[in-house]
2 protein chains.
Amino acid sequence: MMNQSLQKTARILGILMESKAPVGVNEFARLLGMPKSTVSRFMATMESLGMVRRDPENGRFFLGFRLFELGCKAIEDLGLRKAALPLMESLRDRINESVLLTVLEDTHITYLDTIESRQAIVARTQIGGRAPAYCVSSGKAMLAHHPDRIEKVVAQGLRPYTPLTITEPDRLRRECEKAREQGYALNRGEFREGVTGVGAPVFNASGAVIGAISTSTPAARMNKLRWQEHIEAVTQTAQAISRRLGAPAPAGAHHLPG
Amino acid sequence: MMNQSLQKTARILGILMESKAPVGVNEFARLLGMPKSTVSRFMATMESLGMVRRDPENGRFFLGFRLFELGCKAIEDLGLRKAALPLMESLRDRINESVLLTVLEDTHITYLDTIESRQAIVARTQIGGRAPAYCVSSGKAMLAHHPDRIEKVVAQGLRPYTPLTITEPDRLRRECEKAREQGYALNRGEFREGVTGVGAPVFNASGAVIGAISTSTPAARMNKLRWQEHIEAVTQTAQAISRRLGAPAPAGAHHLPG
DNA sequence: AAACCTAGTTCCAAAAAATGAAACTCGAAA
DNA sequence: TTTCGAGTTTCATTTTTTGGAACTAGGTTT
């Protein structure tokens with residue numbers, strides 16, 4: 001039912017995504033459980049299409065630059081980054097902490113862009129990197145509007161990344177429900193130890209969640225007042241971005257007439 | 001000989017890359033000259049692999065975020081951006097013009113990153129975007145070290161983008177040869193009218209060209225002195241980045257003992 | 001409300017492509 | 001010189017993909 005060449009392609013790209021060093025034909029053959037003749041031909045095709053490139057030293061493979069061109073277009077199409085960046089800078093200046101822009105993809109989030117805090121100690125985040133949605137503030141903020149995804153996440157198993165990671169399905173469901181009511185979600189150090197955050201969803205003109213704004217702050221700098229400030233600032237910024245994108249007014253606080 | 005599913009995938013991604021608006025199954029079928037049943041199944045597979053995503057409104061397709069993850073990893077692997085960015089900022093501050101980081105891919109260049117000039121008037125460049133190698137300073141600087149590519153470029157035809165575009169194969173060959181000797185190349189407005197630049201190649205530890213640094217300056221701000229300043233500054237920056245990457249000392253000016 | 005688009009999905013026999021064991025090439029190491 | 005490891009090519013066999021047609025589902029016109 002699914003095109004198998006494509007699935008194989010995705011596996012190969014996945015291997016290169018995870019791999020630290022370039023990968024050769026024999027290693028692919030081993031990892032994929034396929035004869036090297038098959039792999040060799042496949043890689044030749046992928047190379048000619050720019051999906052991978054060869055290390056001229058030893059013929060091993062890296063991901064290709066064509067993927068970068070395509071990936072940049074992918075997020076450009078979304079229009080989110082352009083609308084968000086200036087407001088993200090203001091937010092960073094307001095709270096003096098790193099600000100992140102993310103999208104929800106299946107059950108994980110992807111970091112689209114970062115505005116770094118100007119402080120000496122920051123929790124660096126890799127643009128293009130991922131995190132499990134249920135472990136981070138932006139992820140929970142977005143899951144809150146995708147109940148089906150919550151169940152998919154739960155079905156995949158709630159692995160503990162830190163002692164504070166949510167591992168109880170019902171706890172996750174409750175937190176998301178709360179996040180939906182309040183319009184924001186928190187991360188108290190559930191993905192990376194000592195890294196906290198506040199996340200709020202961004203909506204497009206159709207009222208669909210298309211991304212989230214969040215903060216990344218070392219736990220050592222957090223206290224009750226700061227949490228409150230961050231929640232307020234992040235929520236306002238996310239709403240301002242949504243407004244820029246033509247989103248209908250948030251339904252949260254105001255009760256609209258029936 | 002080449003895997004045809006992969007080629008089809010590349011064509012589909014190419015269509016989405018060029019397309020301004022999302023594309024539906026029927027439109028793909030028309031553009032690809034294939035029955036819609038085939039396309040429908042294909043797109044379903046691509047979607048499940050994250051290569052494309054559907055517009056929830058109308059079911060049409062965009063490029064998927066997975067491509068962004070892969071693309072970011074692709075340039076991270078190269079290690080060029082990390083080595084180059086700080087020096088690019090210094091260069092921008094030195095000449096107060098936009099500074100670009102590019103790689104050569106087949107016969108075109110791809111923009112990896114930009115440090116914008118602080119001036120009011122700038123020629124904006126899209127990260128992830130392309131330009132024909134023979135029309136821009138960075139492209140010519142890199143072609144200079146890949147004679148086979150020059151011939152490939154020539155074979156594809158030298159289309160004039162502006163009145164100043166090089167359209168004579170021999171002129172391109174001569175310019176590249178000169179660029180190789182001098183260690184830099186110029187663009188006098190050969191790709192976009194009124195946009196000039198100076199480009200120099202960056203080498204890795206094996207002495208191979210892996211990218212280029214270049215400037216982008218409105219022609220109105222250019223004069224003889226500025227060209228000289230830019231050439232000096234760009235060349236020095238490119239060499240400094242190469243040194244960071246462990247490149248052997250440039251052979252250009254010094255005549256090494258036989 | 002019935003007929004009629006348009007867009008997309010599913011079916012299945014026919015057609016085409018990918019597969020993989022083995023032979024081959026090429027460099028480097030013993 | 002031989003051996004080894006990594007990669008590529010070959011070609012009969014197996015496995016996919018293909019695509020016309022039927023089907024589904026919204027939306028629009030008569």
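**Exercise 1. Find which helix gives the most residues to the surface near DNA strand D, and describe that surface.**

Solution. H3(A) gives the most, with 5 residues. The model is a predicted one. Next, list the elements that each supply at least two residues: helix H1 (4–18), helix H2 (25–32) and helix H3 (36–48) of chain A, together with helix H1 (4–18) and helix H3 (36–48) of chain B. Then count the residues that surround DNA strand D: there are 20, and the closest are A:Gly24, A:Ser37, A:Ser40, B:Pro35 and B:Ser37. Finally, sort the residues of this surface by type, which gives 5 nonpolar, 11 polar and 4 charged.

**Exercise 2. Place strand E8 (residues 209–218) of chain B among its neighbours, and decide whether it is enclosed or open.**

Solution. Start with the pairing partners. Strand E7 (residues 195–203) of chain B runs antiparallel to E8(B), and 7 bridges join them. Strand E3 (residues 98–105) of chain B also pairs with E8(B) in the antiparallel sense, over 5 bridges. Now take B:Ser214 in E8(B) as a reference point: B:Gly199 stands opposite B:Ser214, and B:Leu100 stands opposite B:Ser214 as well. Next, inspect the link between E7(B) and E8(B). These strands form a hairpin with 5 residues between them, and B:Gly207 in the turn has a positive phi of about 85°. Last, use burial, which requires 20 or more other C-beta atoms within 10 Å of a residue's own. Because 8 of the 10 residues of E8(B) are buried, the strand is largely enclosed by the rest of the structure.

**Exercise 3. Identify the residues with the most contacts inside the largest nonpolar core, and trace the surroundings of A:Ile213.**

Solution. The largest nonpolar core has 145 residues. Those with the most contacts inside this core are A:Leu67, A:Ile213, B:Leu67 and B:Ile213. For A:Ile213, set aside the neighbours within four places in sequence; its contacts then include A:Ala84, A:Met88, A:Val99, A:Leu101, A:Val234 and A:Ile241. In soluble globular proteins, nonpolar side chains tend to be buried together.

**Exercise 4. Describe the contact between chains A and B from the side of chain B.**

Solution. Begin with the totals: the contact takes 40 residues from chain B and 41 residues from chain A. On the side of chain B, the elements that give two or more residues are H1, H3, strand E2 (61–63), helix H4 (65–78) and E3. H4(B) provides the largest share, 11 residues. By type, the residues on this side divide into 21 nonpolar, 12 polar and 7 charged.

Note on methods: Residues are numbered from 1 along each chain as its sequence is written. Chains are lettered from A and ligands numbered from 1 in the order in which they are written. This is a predicted model: local features need pLDDT of at least 70, side-chain atom pairs count only at pLDDT 80 or more; totals for chains, interfaces and linings use all residues. A residue is buried if 20 or more other C-beta atoms lie within 10 Å of its own, exposed if 12 or fewer, and partly exposed in between; C-beta atoms are placed from the backbone. Helices (H or I, at least four residues) and strands (E, at least two) are DSSP runs, numbered from the N terminus. Two strands pair if DSSP finds at least two bridges between them. A residue is near a molecule or strand if its C-beta atom, placed from the backbone, lies within 6 Å of it. Ala, Val, Leu, Ile, Met, Phe, Trp, Tyr, Cys and Pro count as nonpolar, Asp, Glu, Lys and Arg as charged, and the others, Gly among them, as polar. A nonpolar core is a set of buried Ala, Val, Leu, Ile, Met, Phe, Trp, Tyr and Cys residues joined through C-beta atoms within 7 Å. Two residues are in contact if their C-beta atoms, placed from the backbone, lie within 7 Å.
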